[in-house]
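Work through the exercises below with the model open. Try each task before reading its solution.

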Amino acid sequence: MKKNIAIIMGGYSSEYKISLKSGNVVYNYLNKEKFNLYRIHIFKNKWVYVDDADNETPIDRNDFSIPKDGNSITFDCVFNAIHGSPGEDGLMQAYFELLGIKHTTCNFYQAALTFNKRDLLSVLKPYGIKAAPSYYLNLGDTINEIEIIDKVKLPCFVKANKSGSSYGITKVYKSSELKGAIETAYKEDDEIIIEGFLKGTEVSVGVLKLKGITTVLPITEIVTENDFFDYEAKYEGKSQEITPARINPIQLKNVTIAAKKIYDVLKMTGFSRSEFIFIGDEPFLLEMNTTPGLTTASILPQQAKEAGIELSMLFEHAITEALS
């Protein structure tokens, strides 16, 4: 008997358009002879099932079902393709856990932790995971520019702490630019992380469970035309993504060990994609994504392809792992 799979997409953040693309790729590539697939749009003002004719049916949030002909359609598994809140920050994961519905991403605690850049880096530090020097601000805090620059040096990055796709991020070269950059970041989040600039090769590392084994995919090198890997570089063609990365064997070994260690230490499940910068042969962690982009041009699917895993199988593996 075919399993009912809900593919959730959209979300409450600036990333909803990318999420809709990811969700539709999952819908188009999953084997419809094996699964009954349902596209579910999750927005602040509505949760709806969208059929192939774009008709919308509201979701019953009491049990996450679709009312139909006096009955209801329920789901064996949810494929989570929401980037940002509420799909990447633990809210949907906690909801599904309460309802006892399996899903393809990590548990709610891991999602919340990894979505919070500064908490993630703090938790991983005792395990020997290196990161850039950083300074934290909450909305309303006094901004001591001298103290900030003394800690992180210039240039530095000012980032929204809980945001994806490089929203709310500015590279700051002069102290006079710091205040404006902080205001930009506060438009995305009420918490800010200010990090020292690390000059080196940037790589992206995809990790997933395959048949219960933590597997590191071929690594991607990020070469951006812009000043850093910002939204335009990520999504509008202003970067080169080279898989496999042009790194030496020691770098490859070190970043593979680090990425696997992070995944296992945090007891992760599902997909993850972590970004690192090499200083010499040592990888420094920037961030971790637990619902990475899944379009045909996205990094994780590129890495899977390099590993000989077609998109249909990549997505099917995620469902198989969730149901196991």
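**Exercise 1. Find the contacts of one residue.**
Which residues does Glu 321 contact, leaving aside its neighbours within four places in sequence?

Solution. This is a predicted model. Start at Glu 321 and skip the neighbours within four places in sequence. Contact needs heavy atoms within 4.5 Å. Lys 209, Leu 210, Lys 211 and Gly 212 are in contact with Glu 321.

**Exercise 2. Place the residue.**
In which helix does Glu 321 lie, and why does Glu 321 count as partly exposed?

Solution. Take the helix first. Glu 321 belongs to α10, which covers residues 311-323. Next, take the accessibility. Buried means under 20% and exposed means over 50%. Glu 321 has 24% relative accessibility, so it counts as partly exposed. Finally, check His 103. Along the chain, His 103 and Glu 321 are 218 residues apart, yet their C-alpha atoms are separated by 9.3 Å.

**Exercise 3. Describe the whole chain.**
How many helices and strands does the chain have, and what is its radius of gyration?

Solution. Count the elements: ten helices and 18 strands. The radius of gyration is 20 Å, close to the 20 Å from the globule rule for 324 residues, so the chain is as compact as a globular protein of that length. Then turn to burial: 54% of the 324 residues are buried. Now take contacts between residues at least 6 apart in sequence; 64% of them join residues at least 24 apart. End with charge. The chain carries 36 positive and 42 negative charges, and their mean positions lie 3 Å apart.

Terms used:
Residues numbered from 1 in each chain as written. Predicted model: local features only at pLDDT ≥ 70, side-chain atom pairs only at ≥ 80, totals over all residues. Heavy atoms only, no water. Helix = DSSP H or I, 4+ residues; strand = E, 2+ residues; numbered from the N terminus. Rg over C-alpha atoms; globule rule 2.2 N^0.38 Å. Buried < 20%, exposed > 50% of the residue type's maximum accessible area, 1.4 Å probe, protein only. Lys, Arg positive; Asp, Glu negative; His and termini not counted. Charge placed at Lys NZ, Arg CZ, Asp CG, Glu CD.
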